[in-house]
Amino acid sequence: DAIRQVEKKSALFADQLHHPKIKEVRRSGLLISVVFESFEENKKIIDGCIERGVFTDWFLFAPHCMRIAPSLLISEEAIIHACSVIRACCDL
């Protein structure tokens with residue numbers, strides 16, 4: 001059942017991740033890349049997310065992109081919460 005929900009959950013991430021600092025959201029299943037202007041901007045947002053309990057990182061080959069790779073069992077509520085934290089950290 002978790003596998004059947006992957007596309008729906010991935011689309012929810014994409015729908016929730018809208019902010020002027022977010023240049024693009026790329027996704028393949030629940031492996032999601034949030035593209036920012038620079039590594040410095042991405043790092044500041046990642047640090048803010050971690051301080052607020054949303055654990056994420058960047059891609060080694062694309063340091064300006066935030067990596068989101070949640071469990072297949074992540075709830076819709078957790079997705080909405082994580083995305084609200086990411087958007088809030090974009091305003092820091």
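A nonpolar core, as I use the term here, is a set of buried Ala, Val, Leu, Ile, Met, Phe, Trp, Tyr and Cys residues joined through side-chain atoms within 4.5 Å. I keep in mind that this is a predicted model.

**Entry: the core**

I looked up the largest nonpolar core and found 23 residues in it. Phe 13, Leu 17, Val 34, Cys 49, Met 66 and Ile 68 touch the most other members. Next I asked which elements give two or more residues to this core. They are helix H1 (6–16), strand S2 (31–35), helix H2 (39–51), strand S4 (62–68) and helix H3 (76–90). H3 gives the largest share, 7 residues. In general, nonpolar side chains in soluble globular proteins tend to be buried together.

I then picked out Val 34 and listed what it touches, leaving aside residues up to four places away in sequence. Its contacts are Leu 17, Ile 22, Glu 24, His 64, Cys 65, Met 66 and Ile 68.

**Entry: helix H1**

Which residues of H1 are buried? I noted Val 6, Lys 9, Ser 10, Leu 12, Phe 13 and Ala 14. Strand S1 (24–28), S2, S4 and H3 are among what covers them.

**Entry: cysteines**

I searched the whole structure for disulfides and came away with 0. Cys 89 is in none, and the nearest cysteine sulfur, that of Cys 49, is 4.0 Å away. A disulfide needs the two sulfur atoms within 2.5 Å, so that pair does not count. Cys 90 is in no disulfide either; for this residue the nearest cysteine sulfur is that of Cys 49, at 7.5 Å. Buried or exposed? I checked Cys 89 and Cys 90. Cys 89 counts as buried because its relative accessibility is 1%, and Cys 90 is buried at 1%.

**Entry: a patch on the surface**

I also went looking for nonpolar residues on the outside. Ile 3, Leu 72 and Leu 73 make a nonpolar surface patch of about 330 Å². Leu 73 sits in the loop between S4 and H3, and with a relative accessible area of 66% it is exposed.

**Entry: salt bridges**

How many salt bridges does the structure hold? I got 8, and I wrote up three pairs. As a reminder to myself, side chains of opposite charge can pair when their charged atoms come close.

Glu 76 pairs with Lys 8, and their closest N and O atoms are 3.1 Å apart. Glu 76 lies in helix H3 and Lys 8 in helix H1, so this salt bridge ties together parts that are 68 residues apart in sequence. Both ends are partly exposed: Glu 76 has a relative accessible area of 32%, and Lys 8 has 48%.

Glu 37 and Lys 23 meet through their side chains in another salt bridge, at 3.7 Å from N to O. Here the link is between distant parts of the chain, 14 residues apart: Glu 37 is in the loop between S2 and H2, and Lys 23 is in the loop between H1 and S1. Glu 37 counts as exposed at 57% relative accessibility, whereas Lys 23 is partly exposed at 48%.

Lys 43 and Asp 47 form a salt bridge with their closest N and O atoms 2.8 Å apart. I found both in helix H2, 4 residues apart, which is about one turn of the helix. An α-helix has 3.6 residues a turn, so residues three or four places apart point the same way. Lys 43 is partly exposed at 28%, and Asp 47 is partly exposed at 30%.

Technical notes
Residues are numbered from 1 along each chain as its sequence is written. This is a predicted model: local features need pLDDT of at least 70, side-chain atom pairs count only at pLDDT 80 or more; totals for chains, interfaces and linings use all residues. Side-chain values use heavy atoms; hydrogens and water are left out. Buried means under 20% relative accessible area, exposed over 50%, partly exposed in between (1.4 Å probe, protein chains only). Contact means heavy atoms within 4.5 Å. Patches are made of residues with over 30% relative accessible area and no salt bridge: like charges are joined within 9 Å, nonpolar side chains (Val, Leu, Ile, Met, Phe, Trp, Tyr) within 5 Å. Accessible areas come from the Shrake-Rupley method with a 1.4 Å probe; for residues, only the protein chains shown count as cover. A salt bridge is a side-chain nitrogen of Lys or Arg within 4 Å of a carboxyl oxygen of Asp or Glu.
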